[in-house]
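Student: Got a few minutes to go through this model with me? I have some quick questions.

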Amino acid sequence: MSQMPQLSACPSCEEPLESGDRFCGACGYDLSAVPPRPDDSPTLTMNGAGVGVPQPAPAAGRPGVADPSGPPPAAQPPADPPGTDPGGSPLPPAHQGGGVRFDRPREPEEYPLQAPDPRVAADLAAQADPATVCVACRAGRVDHDGYCENCGHAQPRERDHMEQESGPVAAVSDRGLRHHRNEDAFGIGRTALPDGSDALVAIVCDGVSSATRPDDASLAASRAASESLLAALPLGTHPQQAMHDAIVAASNAVNALAEEPATAREHQPHQNAPACTLVGAVVTAGLLVVGWVGDSRAYWVPVDRGAPPARLTEDDSWAAQMVAAGLMNEAEAYADERAHAITGWLGADAYELEPHTAAFKPDRPGVVVVCTDGLWNYAEAAEEMAGVLPPDAAVRPLHGARVLVGHALDGGGHDNVTVAVVPFPAPPQGAGSA
């Protein structure tokens with residue numbers, strides 16, 4: 001038995017070998033058939049196939065086959081035809097199936113790119129949604145995170161500023177100048193009573209910032225309350241009862257936001273349940289009904305500014321409790337840093353739901369201002385609110401709401417600002433705002 005040549009690495013895959021190995025442990029190459037590697041001409045491996053693979057013994061006088069005892073054949077030059085050795089003889093199948101193909105044409109280092117068709121680019125630009133164009137540079141597209149892909153400018157959120165007009169009732173909501181998002185929401189509408197007369201509805205909600213998801217809470221409450229009123233009033237439900245039921249519906253909607261799987265709150269175990277305040281108004285031909293929970297307010301401002309305005313709601317707040325108990329006057333209570341700590345709200349962790357409702361029969365035309373504390377902080381007294389509201393607000397409610405929001409922003413805009421303007425009495429169908 002001939003002695004197996006001692007190799008330090010497999011000639012096929014260059015896997016390190018140990019003394020006495022008969023096969024390569026990595027590729028299974030038969031090491032017993034490998035001839036001794038010449039010291040002066042090492043065999044190179046490329047792509048898993050060794051050039052030094054043993055050849056069958058040459059026949060006597062066979063041309064083109066190198067003597068095994070002589071030096072190994074040189075690598076096949078690119079000019080040789082595929083599948084032959086330098087002498088022109090066919091290569092064994094093992095050589096034809098592995099190794100590097102030298103007969104392929106050289107590939108270019110760079111591939112030229114076809115210039116885009118300007119007509120296609122123009123068509124794509126024409127199809128772009130204008131709503132996705134950056135408000136700053138007016139050129140870049142807005143990505144799903146709300147930032148411009150061209151200049152990086154953050155785009156305003158949908159709820160940062162909202163305006164709506166429904167017949168003679170209108171509402172405006174703004175994020176303000178200090179908050180990073182708008183946590184207020186509103187719902188307005190117009191419907192017909194069973195006798196054919198009109199009823200106007202306005203709901204304004206303020207999310208409690210210390211709770212989780214306050215923006216979701218205010219949106220859910222405003223939608224539930226306004227939808228409840230617009231469904232109940234045409235059926236003949238008394239407006240005051242309809243308002244009470246609407247507040248209960250809003251409370252249930254906010255409570256439902258807290259019904260999450262236990263795992264959803266594991267990462268925020270110390271957060272309060274979603275919560276918000278609510279104030280609303282229903283105006284008919286001869287009746288004004290307000291309802292509230294929390295410290296959002298409703299004001300009455302007569303068209304005849306010679307008559308006194310009035311605040312129609314009482315806050316569920318620490319300050320209101322101090323005044324009611326006779327411990328402080330109103331100026332002292334609302335100057336205290338605890339003044340805006342609310343004692344009533346909509347939410348799963350509220351102490352007890354106490355919907356407040358009140359009905360009025362004004363003897364003259366006027367306007368009902370329904371707002372969050374983001375507005376009344378800058379016009380707290382009824383006389384101050386009347387002084388800011390434009391005289392033509394009854395016939396131009398949207399303009400009036402814009403003026404009130406602007407007043408709060410000019411005053412500092414420390415909070416979200418939301419206001420609805422509702423004329424009294426409700427004008428007949430077709431007599432909308434000017």
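Tutor: Below we go through a helix pair, a pocket, a loop residue and some backbone geometry; bear in mind that the model is predicted.

Student: Start with helices. At what angle do α3 and α4 cross?

Tutor: Roughly 145°. Helix α3 spans residues 214-232, helix α4 spans residues 239-257, and their axes come within 8 Å. The crossing is right-handed.

Student: Which residues meet there?

Tutor: On the α3 side they include Ala-217, Ala-220, Ala-221, Ala-224 and Leu-229. From α4, the partners include Ala-242, Met-243, Ala-246, Ala-249 and Val-254. By class, the contact has 15 nonpolar, one polar and two charged residues.

Student: OK, pockets. How much space is in the second largest one?

Tutor: About 270 Å³. It is lined by 14 residues. Closest to the centre are Gly-207, Val-208, Ser-209, His-340 and Asp-373.

Student: And how does that lining divide by class?

Tutor: Two residues are nonpolar, seven are polar and five are charged.

Student: Switching topic. Where is Asp-336?

Tutor: Asp-336 sits in the loop between α6 (330-335) and β11 (346-347). Its side chain reaches the backbone nitrogen of Arg-338 at 2.7 Å.

Student: What does Asp-336 touch further along the sequence?

Tutor: Leaving out residues up to four places away in sequence, Asp-336 touches Trp-318 and Met-328.

Student: Now the backbone. Which residues does the cis peptide bond join?

Tutor: Phe-424 and Pro-425, with omega about -5°. Pro-425 lies in the segment after β14 (417-424).

Student: What is phi of Arg-213?

Tutor: Near 50°, so a positive phi in a residue other than glycine. Arg-213 is in the loop between β6 (198-207) and α3.

Student: Why flag those two spots?

Tutor: Because most residues other than glycine have a negative phi, and most peptide bonds are trans.

How values were computed
Residues numbered from 1 in each chain as written. Predicted model: local features only at pLDDT ≥ 70, side-chain atom pairs only at ≥ 80, totals over all residues. Heavy atoms only, no water. 1 Å grid on protein atoms, 1.4 Å probe; cavity = no way out; pocket = protein on both sides within 12 Å on 5 of 7 lines; lining within 4 Å. Points joined across faces, edges and corners; volume = space filled by probe spheres on them. Nonpolar A, V, L, I, M, F, W, Y, C, P; charged D, E, K, R; others polar. Helix = DSSP H or I, 4+ residues; strand = E, 2+ residues; numbered from the N terminus. Polar contact = N/O pair within 3.5 Å; in protein donor to acceptor, adjacent residues only side chain to side chain. Contact = heavy atoms within 4.5 Å. Axes fitted to C-alpha atoms, helices over the stretch in contact; angles between N-to-C directions. Left-handed = near helix turned anticlockwise from the far one by under 90°.
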